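Open the model in your viewer and keep the selection tool at hand. Each stop below tells you what to pick and what is there.

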Amino acid sequence: MIEGVPTGLRGFWSLIVTQFQGAFSDNVLKNLVVFMMIGGSLSLAEEHKIGEQVAALFSLPFILFSMAGGYLADRLSKRTVMIGVKIFEVFVMLFVLVGFITRQMGLLKCGIFLMGTHSAFFGPSKYSSLPELLPEKRLSWGNGILELGTFMAIILGTVLAGWLSQKLGQEQVGSGVVLIALAFAGLIASLGITKVPAANPGKKFRFNFIGDLIDRLKPIRGDRPLVLALAGNIYFTFLG
């Protein structure tokens, strides 16, 4: 303990800050790219198409890589995974800066896909670390704080993207520098997450992620409250 604060609780708040930064940066980048792409004289249908394209590029990695993120969360220490993901984010934002400098939309779209990959690998370690950082009686509270921070980051990131777009227009190099600074801040915050041992160091990677998903869902079939909670969460995310 330091200053009377349990190590797990200190690690939890480091996790919250790290997650907030990641979600904040995700939404700044996504919306900046959308604003840059719709800056011309486009029809409403074309603007909607661009928004949907950017959303799809960000969402696709969650389908492709979430199970791999879950594998790493079991095989390695979750803190190690999260720090590694934040290091990856620094390089992604350097790549994005090049896209802003050259105004190459292809590079910026690739950057969005890579940030979606960053979040897909971060998510499983983030959520599964909560029971290791908090006592059981505080898990609901911890999940609430985590979700509150995430949605605040989404809203504030969208607002900042609009402001930067209005101030800088098509010259978004300064925004790239800000995103790099935020990535370093997230990396520093992740160093404060409590180190915990790997949950299953001998776990084998399963390439059939669909089969792996089905196997993971089987144990909850007889738990009606858990099934309803899962269905509600999926529906809420689907609406978003």
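Select Gly 169, just after helix H5. In this predicted model, Gly 169 takes a positive phi of about 60°.

Now step back into H5 itself, residues 139-168. How far apart are its end C-alpha atoms? They are 42 Å apart. At 1.5 Å a residue, the 30 residues of H5 should span 44 Å, so the two values agree.

Stay on H5 and colour its buried residues. Glycines among them are Gly 142, Gly 149 and Gly 157. Leu 146, Ala 153, Ala 161 and Leu 164 are buried too. So are Thr 150 and Ser 165.

**Next: a helix pair**

Select H3, residues 78-102, together with H6, residues 173-190. Their axes lie 9 Å apart, and the helices pack at an angle of about 170°. An angle over 145 degrees counts as roughly antiparallel. H3 and H6 are therefore roughly antiparallel to each other.

Show the side chains where they meet. On the H3 side, look for Arg 79, Lys 86, Glu 89, Met 93 and Phe 100, among others. On the H6 side, the contact includes Val 173, Gly 176, Leu 179, Phe 184 and Ser 190. The residues of this contact divide into 16 nonpolar, three polar and three charged.

**Next: Leu 179 and the cores**

Centre on Leu 179. Beyond its neighbours within four places in sequence, Leu 179 is in contact with Ser 25, Val 28 and Leu 29. Met 93, Val 96 and Phe 100 also touch Leu 179.

Widen the view to the largest nonpolar core, which has 29 residues. Which of them touch the most other members? They are Leu 29, Val 33, Met 93, Val 96, Phe 100 and Leu 179. H1 (7-37), H2 (44-75), H3, H4, H5 and H6 each supply at least two residues of this core. The largest share, nine residues, comes from H1.

Then look for a second, separate core of 15 residues. Select Phe 12, Ala 68, Phe 121 and Phe 122, which are included in it.

**Last stop: Lys 109**

Select Lys 109 in helix H4, residues 105-133. Is Lys 109 buried or partly exposed? Its relative accessible area is 23%, so Lys 109 is partly exposed; buried would mean under 20%.

Show what surrounds Lys 109. Not counting residues up to four places away in sequence, Lys 109 touches Met 37, Gln 53 and Leu 57. Finish with a distance back to H5. Lys 109 and Leu 164 are 55 residues apart along the chain, and their C-alpha atoms are separated by 18 Å.

Note on methods: Residues are numbered from 1 along each chain as its sequence is written. This is a predicted model: local features need pLDDT of at least 70, side-chain atom pairs count only at pLDDT 80 or more; totals for chains, interfaces and linings use all residues. Side-chain values use heavy atoms; hydrogens and water are left out. Helices (H or I, at least four residues) and strands (E, at least two) are DSSP runs, numbered from the N terminus. The expected span of a helix is 1.5 Å times one less than its number of residues. Buried means under 20% relative accessible area, exposed over 50%, partly exposed in between (1.4 Å probe, protein chains only). Axes are lines fitted to C-alpha atoms, for helices over the stretch in contact, and angles run from 0 to 180 degrees between N-to-C directions. Angles under 35 degrees count as roughly parallel, over 145 as roughly antiparallel, 65 to 115 as roughly perpendicular and the rest as oblique. Contact means heavy atoms within 4.5 Å. Ala, Val, Leu, Ile, Met, Phe, Trp, Tyr, Cys and Pro count as nonpolar, Asp, Glu, Lys and Arg as charged, and the others, Gly among them, as polar. A nonpolar core is a set of buried Ala, Val, Leu, Ile, Met, Phe, Trp, Tyr and Cys residues joined through side-chain atoms within 4.5 Å.
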